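Okay, thanks for coming, everyone. Let me put this one on the screen, and then I'll talk you through it.

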Amino acid sequence: MKFRGEFVWHHHEREDELFLVVEGRLRMQFRTGHQDIGPGEFIIVPRGVEHCPLALTEEVHVVLLEPKTTLNTGNVRNERTVAQLKKI
């Protein structure tokens, strides 16, 4: 997954998320502070924790591990929400 800029503040009721940074720098923002993650580092965001990923470099490449059914924007629905793809 690649992204630029700031994503959206959200949380996931049932799923933890693991973000592994491959290229660039990521700041995981929390309401209580933030954590910066560089290439080869990862962070696990526990379910229920409100967070907002922010690219500190022009573009960040991450491997995102979460269940297939996880909605990318969690409890928020907006133009960045990606609907689940139908199986062929």
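I'll go through the sheets, and after that the side-chain contacts.

Before anything else, please keep in mind that this is a predicted model.

Let's begin with the sheets. One of them is an open sheet of four strands, and if you read across it, the order is β1-β7-β2-β5, with antiparallel pairing. At the edges you find β1, which is just residues 2-3, and β5, at 42-45, and each of those pairs on one side only. Now look at where β2 meets β5. β2 covers residues 17-23, and four bridges hold it to β5 in the antiparallel sense. If you want one pair to get your bearings, take leucine 20, whose bridge partner in β5 is phenylalanine 42. And a reminder while you're rotating the view: in a regular strand, side chains alternate between the two faces of the sheet.

Next, the other open sheet. Here we have three strands in the order β4-β3-β6, and the pairing is antiparallel again. Which strands stand at its edges? Those are β4 and β6, each with a single partner strand, so each has one side without a neighbour in the sheet. Going from one strand to the next, the twist averages 20°.

Zoom in on β3 and β4 for a second. β3 is residues 26-30, β4 is residues 33-37, and five bridges join the two, running antiparallel. Together they make a hairpin, with two residues between the strands. Leucine 26, in case you're looking for a landmark, sits opposite isoleucine 37 in β4.

Right, on to the charged side chains. As a general point, side chains of opposite charge can pair when their charged atoms come close. How many salt bridges does the structure hold? The count is four, and I'll show you some of them.

Start at arginine 4. One salt bridge goes from arginine 4 to glutamate 58, and the closest N and O atoms there are 3.1 Å apart. Why does that pair tie together parts that are apart in sequence? Because arginine 4 is in the loop between β1 and β2, while glutamate 58 is in the loop between β6 (51-55) and β7 (60-65), so the two are 54 residues apart along the chain.

Arginine 4 also meets glutamate 59 in a salt bridge, at 3.4 Å from N to O. That pair links distant parts of the chain too, with glutamate 59 in the loop between β6 and β7, 55 residues from arginine 4.

So how accessible are these side chains? Arginine 4 counts as partly exposed because its relative accessibility is 48%. Glutamate 58, at 60%, counts as exposed, whereas glutamate 59 is partly exposed with 26%.

Over on the hairpin, arginine 27 and aspartate 36 meet in a salt bridge, at 2.7 Å from N to O. Both ends are partly exposed: arginine 27 has a relative accessible area of 24%, and aspartate 36 has 29%. Going back to the earlier trio, Arg4, Glu58 and Glu59 are joined into one network by salt bridges that share partners.

Last stop, the aromatics. Arginine 31 lies over the face of tryptophan 9, and it's 3.9 Å from the ring centre. As for rings pairing with each other, the count of aromatic pairs comes to zero.

That's my tour, so over to you for questions.

Notes: Residues are numbered from 1 along each chain as its sequence is written. This is a predicted model: local features need pLDDT of at least 70, side-chain atom pairs count only at pLDDT 80 or more; totals for chains, interfaces and linings use all residues. Side-chain values use heavy atoms; hydrogens and water are left out. Two strands pair if DSSP finds at least two bridges between them. A salt bridge is a side-chain nitrogen of Lys or Arg within 4 Å of a carboxyl oxygen of Asp or Glu. Buried means under 20% relative accessible area, exposed over 50%, partly exposed in between (1.4 Å probe, protein chains only). Rings of Phe, Tyr and Trp (its six-membered ring) pair if their centres lie within 6.5 Å; planes under 30 degrees apart count as stacked, over 60 as edge-to-face and the rest as tilted. A charge sits over a ring if NZ of Lys or CZ of Arg is within 6 Å of the ring centre and within 35 degrees of the ring normal. Axes are lines fitted to C-alpha atoms, for helices over the stretch in contact, and angles run from 0 to 180 degrees between N-to-C directions.
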